[in-house]
Amino acid sequence: MVSSEAAPYAKTGGLADVVGSLPPALQELGDEVAVVLPRYGSIDLADTRCVWEHLRVYLGPDVYDLNIYQTAANHPVYLVDYPPLFGRKALYGKADADYPDNHIRFAVLARAAIGIARHLFATDIFHCHDWQAGLVPAYLSSTFATDPTFLGCRTVFTIHNLAFQGIFPKSVMPDVALDPRLFTPDGLEFWGKISYMKAGLAYSDALTTVSPTYAREIQSHEMGAGLDGVLRARSKVLNGILNGVDYAEWSPEVDSHIPARYSANDLSGKTICKRNLIEEFGLPAGAVDRPLIGLVSRFAVQKGIDLIIEAAPGVVAGGACIVALGTGDREYEDALRRLQQDYPDRIAVRVGFDNGLAHRIEAGSDMFLMPSRFEPCGLNQMYSLRYGTPPIVRATGGLDDTIEKDTGFKFAESSAEALLRSVGEAVRAYSNSSGWRERMRRGMAKDFSWRASAAAYSMLYRRLAGQAYAHAML
Ligand code: ADP
Ligand code: GLC
């Protein structure tokens, strides 16, 4: 697998959870999996060993002299070390701007993965995640098309989020050593520029995305982010495979980040978690008697943060409190901080990235808010179910696939009014405590573990590898 994120090494969102937990689930099914990841400045090399010095990647006029480290994980996780490109704390950019050399950074990642496949980890299937890995299939089907090492290799490209596409000017093609013949509308050309996402979509043998509903949605003009035509053209090889949850990480029975553990049979610990969370956020102790709504999110247009901001006074008027953790667009961060100032007893906001606090919000809240405009899969709503924290979601993508009327609350229209109506419904349901506990327990009993989804990936790999075998026999 080639990815720009994998828990616990580097994370900004759900991609990291998936690439962190799918490989062990595949291993249990008998697949051998390795992960290739940049070694960002935030990754400590203490528990790693250097497995290759001087892997040289030649890209256009430049040579990149890389070192590869392997972590202590049960499956090989190869860290691509090249401080001038990756030795920065943030993964993709600073403040509101992406790094200007991201096209080079992720071209080097792709070439490093191909080098690793040649020398360190004999590879049948390259599974590439999001645009940052999109050049792997492009290089394999051009530069390395006749390289005997890779004859019969197959590529899978998983779309985690079509909103981020890795678009760069055509003029960078020589710098990343892309064959000019790939610059066609059927290839990686996108409105006169190049798109690493489109490269992944065009040159991979199979495409997947992270929920069945999102797989359908992205083939429509409204939700295709300009790539719906390509996706429709490739719909025969595009499948939606729902993300799984790593319940060893996200379960109130075993969670080491929360102050008291609990289960569906004994929910008493959840009250302790709520009390602690209220204290941690500096809300008055009396807030424990009110329904507490949690939010953990990137603060981005995708997540409907503006709807929350607009609806917040109404939510407060309806009797609930809100605790929010996130980081992202400055304007949302500021607006949420202003709401905290306006309603200091009812709304508390933490701007930042804090994994432990994310767990404590799942455990200590009564309900969880995810009013996303679009959501390829979404993990937090599945975590919420497990923590007995019924989610309030907009019916889109993976949210629609995982939340039902009896486990959570769903609304269709992307508006503050619809959100507020759904919160009102949840607050009314909450006042019936035995009915609410039933709802919590139904959600806690849902199984979104990797079992089924890892098997779907494994079957896909085997089918592709079988095709390769059949080709070789011809
Ligand atoms: P996305 O990948 O679109 O951001 P997901 O729901 O798939 O959304 O996954 C988000 C993941 O990132 C979850 O594990 C969530 O807990 C975590 N997360 C998001 N924001 C923060 C934050 N500010 N602090 C800690 N964890 C966060
Ligand atoms: C993306 C999507 C999110 C999905 C995650 C992991 O970040 O926004 O919906 O759960 O990838 O696949």
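**Exercise 1. Polar contacts of ligand 1**

Find which polar backbone atom lies 2.6 Å from an oxygen atom of ligand 1, then list side-chain contacts to the ligand.

*Solution.* The model is predicted.
Step 1. Start with the backbone. A polar backbone atom of Gly14 sits 2.6 Å from an oxygen atom of ligand 1.
Step 2. Turn to side chains. In Lys11, a side-chain N or O atom is 2.8 Å from an oxygen atom of ligand 1. In Asp17, a polar side-chain atom is 2.9 Å from an oxygen atom of the ligand.
Step 3. Apply the cut-off. A polar contact needs a pair of N or O atoms within 3.5 Å, so the Gly14, Lys11 and Asp17 pairs qualify.
Step 4. Check the burial. Ligand 1 alone exposes 560 Å², and the protein buries 94% of that area.

**Exercise 2. The shell around ligand 1**

Describe the shell around ligand 1: how many residues surround the ligand, and which are the closest?

*Solution.*
Step 1. Count. The ligand is surrounded by 22 residues. The closest are Lys11, Gly14, Arg298, Lys303 and Gly352.
Step 2. Sort by class. The shell holds 7 nonpolar, 9 polar and 6 charged residues.
Step 3. Assign elements. Two or more shell residues come from each of helix H1 (14-28), strand E14 (292-299), strand E15 (321-328), helix H11 (355-364) and helix H12 (380-386).
Step 4. Rank. E14 gives the largest share, 3 residues.

**Exercise 3. The cavity**

Search the whole structure for cavities of 30 Å³ or more: how many are there? Then characterise the lining of the largest cavity by residue and class.

*Solution.*
Step 1. Search. The whole structure yields 1 cavity of 30 Å³ or more. The largest cavity has a volume of about 30 Å³.
Step 2. List the lining. The largest cavity is lined by Ile308, Ala312, Ile322, Ala324, Leu336, Leu339, Ile347 and Val349.
Step 3. Classify. The lining has 8 nonpolar residues, no polar ones and no charged ones.
Step 4. Map to elements. Helix H9 (305-317), E15, helix H10 (330-342) and strand E16 (347-351) each supply at least two lining residues.
Step 5. Link back. E15 also gives two or more residues to the shell around ligand 1.

**Exercise 4. A salt bridge across the sequence**

Which residue forms a salt bridge with Asp31? Place both partners in the chain.

*Solution.*
Step 1. Take the total. The structure holds 17 salt bridges.
Step 2. Find the partner. Asp31 pairs with Arg462, and their closest N and O atoms are 2.3 Å apart.
Step 3. Locate both ends. Asp31 is in the loop between H1 and strand E1 (35-38). Arg462 is in helix H16 (residues 450-473).
Step 4. Conclude. The pair links distant parts of the chain, 431 residues apart.

Note on methods: Residues are numbered from 1 along each chain as its sequence is written. Chains are lettered from A and ligands numbered from 1 in the order in which they are written. This is a predicted model: local features need pLDDT of at least 70, side-chain atom pairs count only at pLDDT 80 or more; totals for chains, interfaces and linings use all residues. Side-chain values use heavy atoms; hydrogens and water are left out. A residue is near a molecule or strand if one of its heavy atoms lies within 4 Å of it. A polar contact is a pair of N or O atoms within 3.5 Å; within protein, one must be able to donate a hydrogen and the other to accept it, and residues adjacent in sequence count only if both atoms are side-chain atoms. Accessible areas come from the Shrake-Rupley method with a 1.4 Å probe; for residues, only the protein chains shown count as cover. Helices (H or I, at least four residues) and strands (E, at least two) are DSSP runs, numbered from the N terminus. Ala, Val, Leu, Ile, Met, Phe, Trp, Tyr, Cys and Pro count as nonpolar, Asp, Glu, Lys and Arg as charged, and the others, Gly among them, as polar. On a 1 Å grid over the protein atoms alone, a cavity is a set of points where a 1.4 Å probe fits but cannot get out, and a pocket is an open set with protein on both sides within 12 Å along at least five of seven lines; lining residues have an atom within 4 Å of a point. Grid points are joined across faces, edges and corners, and a volume is the space filled by probe spheres set on the points. A salt bridge is a side-chain nitrogen of Lys or Arg within 4 Å of a carboxyl oxygen of Asp or Glu.
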